[in-house]
Amino acid sequence: MTMSLAERSNSIAPSATLAMASAARKLKGEGVAVLDFALGEPDFPTPENIQEAAIRAMKAGHTHYTPPAGMPELKAALAKLYTEQHGLPTRPDQVVVSNGAKQSLHNALMALCGPGDEVIIPAPYWVSYADLVKLTGATPIIVETGEADGFKLSPEKFLQFATRRTKLLMINSPSNPTGVVYSRAELEALADVVLTTDAGVLSDEIYEQLCYGDATPTCFATLRPGLADRTITVSGVSKTYAMTGWRIGWSVAPASVSKFMGDIQSQETSNPCSISQWAALEAITGPQDSVKRMHSEFIARREYVLGRIASLPGVTCVPPGGAFYAFMNISSYFGRTLGGRVISDSTDFCLTALSHAHVALVMGSAFGAEGYARLSFATDLETLRKGFDALEEFLKG
Ligand SMILES: Cc1ncc(COP(=O)(O)O)c(C=O)c1O
């Protein structure tokens, strides 16, 4: 007998970034030196003080269940952080600590959305957004943005797609995959139109501490009176503190919504790892010099990457204001032959770049934007140099 799958299993796609990473891993397993720019995780080790805090937590016996929505010490520290540094008055009962920001997004969508609801997602979007929405039975409404509008959703476009059924607008600034950072004024203009509707906002601010040049992060919920009552802010330690494997993210939401998010999490996964929570507490309350060091390194890599892209024939890129991705427009290669293969879309481009040049990128189609390839510069400069040398050769055809 074969087991029949639930309807939902057929509608969910595996994460394309992870799929690309596993293709790269397979090649590596065959002994090929793959230049890997596919994964969205800092290459730095987790800072020493954070590792030490985890060891101390284990030795002190913090190896048991914590309250499902997170331990009181961490929730209190996050409430203080949002109140004092983000300007968002927050009580601990508004905070839910999760197994990564991804689970925070899932909790929020599960608490608020269901069949018949619509969630507006500006494209290009992070690979998981549309699938996380589909898991709830709601419908993702993908709204395209392009290079011409700086990959930003305008208030007019939001209104064009908003309906009675719009439950949430998802925004992500700085953005994965484009690196785009909305200005405060742009977010205020969006906030003003959102407030004319019944929609809420799910603001994914996970790259908030990785901004470059003039770009600055904005905590969306603080922008207008009343906005915090309909906004769920999501962030975490993965990107800022090079802690992807520790799986700690969080949400800040109105207390009534947080209660349901916590209840959902209590049934699905219980608390996030107790040891990781102590590590996250050290991350956000301990010395921040390692964050500065990693940030300076990202600045240097970004400069290098933009310089190299500028000299790649037929490739353009909106300079990322944040995060650690360059979203390269490679559409001028469609219809041309690279590595002995006619390139017809971004998947062709990325698969051929992997098999032929051993460079791993992620196809734009995974982010709802055909014609692009995402390069992660969370990789050392030497690997980046080799990668661009190989790409340059590859693009000669
Ligand atoms: C935009 C965005 N949101 C959320 C996440 C999830 O992060 P976490 O490791 O905290 O689950 C990522 C990770 O790639 C991301 O790029």
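**Exercise 1. Which residues does Leu 109 touch, not counting residues up to four places away in sequence?**

Solution. The structure is a predicted model, in which local features need pLDDT of at least 70, side-chain atom pairs count only at pLDDT 80 or more, and totals for chains, interfaces and linings use all residues. Residues are numbered from 1 along each chain as its sequence is written.

Step 1. Fix the criterion: two residues are in contact if their C-beta atoms, placed from the backbone, lie within 7 Å.

Step 2. With residues up to four places away in sequence left out, Leu 109 touches Leu 132, Val 133 and Thr 136.

Step 3. Place the residue: Leu 109 is found in helix α5, residues 101–112. Helices (H or I, at least four residues) and strands (E, at least two) are DSSP runs, numbered from the N terminus.

Step 4. Leu 109 has 26 C-beta neighbours inside 10 Å and therefore counts as buried. The cut-offs are 20 or more other C-beta atoms within 10 Å of its own for buried, 12 or fewer for exposed, and partly exposed in between, with C-beta atoms placed from the backbone.

Step 5. Extend to the helix: twelve of the twelve residues of α5 are buried, among them Lys 102, Gln 103 and His 106.

**Exercise 2. Determine how the end-to-end distance of α5 compares with the expected span.**

Solution.

Step 1. The expected span of a helix is 1.5 Å times one less than its number of residues.

Step 2. For the twelve residues of α5 this gives 16 Å, and the end C-alpha atoms are 17 Å apart, which agrees.

Step 3. Repeat for α3 (residues 48–59): this helix also has twelve residues, and it reaches 17 Å from its first C-alpha to its last, close to the 16 Å expected.

**Exercise 3. Which residues of α3 are buried, and which exposed residues does the face turned away from the buried side carry?**

Solution.

Step 1. The buried residues in α3 are Ile 50, Ala 53, Ala 54 and Ala 57.

Step 2. These four lie on the same side of α3, because they cover an arc of only 100° around the axis. The arc is that of the directions from the helix axis to the C-beta atoms.

Step 3. An α-helix has 3.6 residues a turn, so residues three or four places apart point the same way.

Step 4. Glu 48, Ile 55 and Lys 59 are exposed on the face of α3 turned away from its buried side.

Step 5. The packing partner of the buried residues of α3 is α10 (274–285). Just after α3, Gly 61 takes a positive phi of about 85°.

**Exercise 4. Locate the cis peptide bonds before Pro 174 and Pro 177, and the positive phi angles of Ala 323 and His 358.**

Solution.

Step 1. The bond from Ser 173 to Pro 174 is cis, with omega near -5°; Pro 174 lies in the loop between β5 (166–172) and α8 (184–194).

Step 2. The bond from Asn 176 to Pro 177 is cis, with omega near 25°, and Pro 177 lies in the loop between β5 and α8.

Step 3. Ala 323 is not a glycine, yet has a positive phi of about 60°. Ala 323 sits in the loop between β9 (316–317) and β10 and is buried, with 31 other C-beta atoms within 10 Å.

Step 4. His 358, also not a glycine, has a positive phi of about 60°. The loop between α12 (346–357) and β13 (359–360) holds His 358, which counts as partly exposed with 19 C-beta neighbours inside 10 Å.

**Exercise 5. How many residues does each domain give to the contact between domain 1 and domain 2?**

Solution.

Step 1. Domain 1 covers 7–45 + 290–394 and domain 2 covers 64–285; the bounds come from an automatic or database domain assignment.

Step 2. The centres, taken over C-alpha atoms, are 26 Å apart.

Step 3. Domain 1 gives 34 residues to the contact and domain 2 gives 32.

Step 4. On the side of domain 1 that touches domain 2, α1 (7–11), α2 (16–29), α11 (289–310) and β10 (325–329) each supply at least two residues. The largest share, six residues, comes from α11.
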